[in-house]
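The report below follows charged side-chain pairs and then turns to nonpolar packing. Please keep the sequence and the coordinates at hand while reading.

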Amino acid sequence: PNVSRSETRSLSMMQLKPELQKTTLDAEQTFYVPAFEQRRMPGVVPAASSSGCPHEEADLIPFEDFLEGKDPAGNLILSSGRYLLSTSLTVGSLTISEQAELVLGENLELQTRAIWVKGVLRLGSDSCRLQNLVITFTGDGDKDARSSNALETKGLVVSGELHAFGHRFRPTWTRVAQAAAAGSSTLQLMEEVDWQVGQQL
C-alpha cells in the first residue's frame, strides 16, 4: 500500500517509543556507586561505669608503708611487692624493679624527676579509665644532657611494662561544617565532640 511521508514518521515514532521507555527504566534501576566515601571518626560514646579497677584490688600495699624511714627526695627503689599510690606525692626519682609493681589511683598528682620501670607501672585499665591523674616530671629537660642512666634523665623510661588508660576522646578529629571567617570565636563542626575547655587543636 502507499504510505505517505507523514504516516512513515508516525509509524517510526510508534516503534521507538517502547524502546525509549525501556531505556529509561533500566537507567532508574542502575545501582549508584559513589566515586569516594567520606571518612568519619566514631562519634561520642557515653561514659561507661568503671569496673576492674587495679587501684581497688585488696592485696595492694600502701605506698606510705614503703616510704617509712626513707627520704622522699632521694632515689627510691621498689625492689618487690605490689604497691598502691593513692595520694599526691613528690619524690626525687623512682625505680620499679623487675619483681615490683606500682599502681596509681585516681585524683592525685605525682611529681618526680624520673621514673624507671623495670617491673610494672599500672594506671587504670581498659574498663577503668582514670580521669584525674597527673604525672609531672621536674628538673632540666635538655636532650643534650641525656645520660645512659635513666635516673639522670628527666622523664619516663620503660624497660618493663607500662599499662596506662585515661579518658578516651571521640572523635579526635572532624571536619568543619561551614567556613569560619578570620577572627571567629566559634566553629561549626560536622560531628558532636567531647573535647574539653583548655584543650588545643
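In this predicted model, Arg-168 forms a salt bridge with Asp-126, the closest N and O atoms lying 3.7 Å apart. The two partners come from distant parts of the chain, 42 residues apart, since Arg-168 sits in the segment after strand S10 (161-164) and Asp-126 in the loop between S7 and strand S8 (133-137). Arg-168 is partly exposed, with a relative accessible area of 42%, whereas Asp-126 is exposed at 52%. Asp-126 also meets the side chain of Arg-129 in a salt bridge, with an N to O distance of 2.8 Å. Arg-129 has a relative accessible area of 19% and is buried; it receives that label because the limit for buried is under 20%.

A search of the whole structure finds six salt bridges, among them the pair of Arg-122 and Glu-101, whose closest N and O atoms are 2.8 Å apart. This pair, too, links distant parts of the chain, with Arg-122 in strand S7 (residues 120-123) and Glu-101 in strand S4 (residues 93-104), 21 residues apart. Arg-122 is partly exposed, at a relative accessible area of 21%, while Glu-101 counts as buried at 10%. Both residues belong to a network of salt bridges that also links Glu-57, Asp-59 and Arg-82.

The three salt bridges described here are listed with their N to O distances.

| Salt bridge | Closest N to O distance |
|---|---|
| Arg-168 and Asp-126 | 3.7 Å |
| Asp-126 and Arg-129 | 2.8 Å |
| Arg-122 and Glu-101 | 2.8 Å |

Which residues touch the most other members of the largest nonpolar core? Within this core of 21 residues, they are Phe-63, Leu-78, Leu-85, Ile-96 and Leu-102. At least two residues each are supplied by helix H2 (63-67), strand S2 (75-85), S4, strand S5 (108-112), strand S6 (114-117) and S7, and S4 gives the most, with five residues. S4 and S7 therefore appear in both parts of this account, as they hold Glu-101 and Arg-122 respectively and, by the strand assignment used here, also contribute to the core.

Leu-102 shows how the packing around one core residue is made up: leaving aside residues up to four places away in sequence, Leu-102 touches Phe-63, Leu-78, Tyr-83, Leu-85, Leu-94, Ile-96, Val-120, Leu-121 and Arg-122. One of these contacts, Arg-122, is the partner of Glu-101 in the salt bridge at 2.8 Å.

Terms used
Residues are numbered from 1 along each chain as its sequence is written. This is a predicted model: local features need pLDDT of at least 70, side-chain atom pairs count only at pLDDT 80 or more; totals for chains, interfaces and linings use all residues. Side-chain values use heavy atoms; hydrogens and water are left out. A salt bridge is a side-chain nitrogen of Lys or Arg within 4 Å of a carboxyl oxygen of Asp or Glu. Helices (H or I, at least four residues) and strands (E, at least two) are DSSP runs, numbered from the N terminus. Buried means under 20% relative accessible area, exposed over 50%, partly exposed in between (1.4 Å probe, protein chains only). A nonpolar core is a set of buried Ala, Val, Leu, Ile, Met, Phe, Trp, Tyr and Cys residues joined through side-chain atoms within 4.5 Å. Contact means heavy atoms within 4.5 Å.
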